[in-house]
Amino acid sequence: MNLKDTFRYLGYGSSQADEQTLKLAEECWEELERTAVKRSCFREYPLSFPEDGRMDLGCFQVASRALFKNLEHCRAVVLFAATLGTGPDILIRKYSRLQMSRAVVMQAAAAAMLEDYCDRINEEIRENYEKQGYYLRPRFSPGYGDFPLDCQPALLAGLDAGKRIGITLTDSLLMAPSKSVTAVMGVASVRSDCIIEGCESCGRADCRYRRDRV
């Protein structure tokens, strides 16, 4: 139960939640644990740099300075997707009609739960690569920095994520179920000190949800 990140997503920063909100967050986590169906998939693709600043990730090409920095000196990429399934969406819609305060906390708790799940699966993938003598860079998602969201269709298609774990896209490139994430992780033959991921990779230093503001 990750209450710290739940309250970060609620915008608490360094402030402490009151006892009532703390109890509500705990109840939301318990309800999510009963309804979320956590699923993930990943696939490796070769990585090349056909021209300056542009990258070929096997199933799509992209120009992104932020992603280039993250993937520099890598030989391949792991495309990754994860979801909590439709359960959290159903709960959030339900409480949006019945109890808005619970819906807001449920939204934050689901985001924290998804991040925890991704961290755990990524650690397992990282350990497997290190057994083979390779090192995994932190995950980097479309929407971070200048990595455009319009790469989502090709990324999901490259994973066959719709068939494998049920993630689809709306016309506006939003994922369904909403508590889903995609990411790219570089594979390198040398260890890197790169720690660019999540909040650290985003240029919005004024965002109220940033980890380094908590």
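## Strand S9, a helix pair and the salt bridges

S6 (residues 135-136) and S9 pair in the antiparallel sense over two bridges. Two strands count as paired if DSSP finds at least two bridges between them. Helices (H or I, at least four residues) and strands (E, at least two) are DSSP runs, numbered from the N terminus. The model is predicted: local features need pLDDT of at least 70, side-chain atom pairs count only at pLDDT 80 or more, and totals for chains, interfaces and linings use all residues. Residues are numbered from 1 along each chain as its sequence is written, and side-chain values use heavy atoms, leaving out hydrogens and water.

**Strand S9**

Within the S6 pairing, Tyr 135 has Ala 188 of S9 as its bridge partner. S9 also pairs with strand S5 (residues 76-83). That pairing is antiparallel too and runs over eight bridges. There, Thr 83 is bridged to Ser 180 of S9.

How many residues of S9 are buried? The strand spans residues 180-188, and nine of its nine residues are buried. Buried means under 20% relative accessible area, exposed over 50%, and partly exposed in between (1.4 Å probe, protein chains only). Both faces of S9 are covered in this sense. Ser 180, Thr 182, Val 184, Gly 186 and Ala 188 point one way. Val 181, Ala 183, Met 185 and Val 187 point the other way.

**Helices H4 and H5**

The axes of H4 (residues 87-98) and H5 come within 6 Å and cross at roughly 160 degrees. H4 is therefore roughly antiparallel to H5. Axes are lines fitted to C-alpha atoms, for helices over the stretch in contact, and angles run from 0 to 180 degrees between N-to-C directions. Angles under 35 degrees count as roughly parallel, over 145 as roughly antiparallel, 65 to 115 as roughly perpendicular and the rest as oblique.

The H4 and H5 crossing is left-handed. In that case the near helix is turned anticlockwise from the far one by less than a right angle; clockwise would be right-handed. H4 contributes Pro 88, Leu 91, Ile 92, Tyr 95, Ser 96 and Leu 98 to the contact (heavy atoms within 4.5 Å). H5 contributes Met 100, Arg 102, Ala 103, Met 106, Gln 107 and Ala 110.

**Salt bridges**

Side chains of opposite charge can pair when their charged atoms come close. The structure holds 12 salt bridges. Each is a side-chain nitrogen of Lys or Arg within 4 Å of a carboxyl oxygen of Asp or Glu. Three of the pairs are tabulated here.

| Acid | Base | N to O distance |
|---|---|---|
| Glu 115 | Arg 8 | 3.1 Å |
| Glu 27 | Lys 23 | 2.4 Å |
| Asp 146 | Arg 65 | 4.0 Å |

Glu 115 and Arg 8 link distant parts of the chain, 107 residues apart. Glu 115 sits in H5 (residues 100-131) and Arg 8 in H1 (residues 3-9). Glu 115 is buried, at 13% relative accessible area. Arg 8 is buried as well, at 3%.

Glu 27 and Lys 23 both lie in H2 (residues 19-35), four residues apart, about one turn of the helix. Glu 27 is partly exposed at 25%, and Lys 23 is partly exposed at 49%.

Asp 146 lies in the loop between S6 and H6 (152-159), and Arg 65 lies in H3 (residues 65-71), so this pair ties together parts 81 residues apart in sequence. Asp 146 is partly exposed at 33%, whereas Arg 65 is exposed at 73%. Elsewhere, salt bridges that share partners join Glu 123, Arg 126, Glu 130 and Arg 191 into one network.
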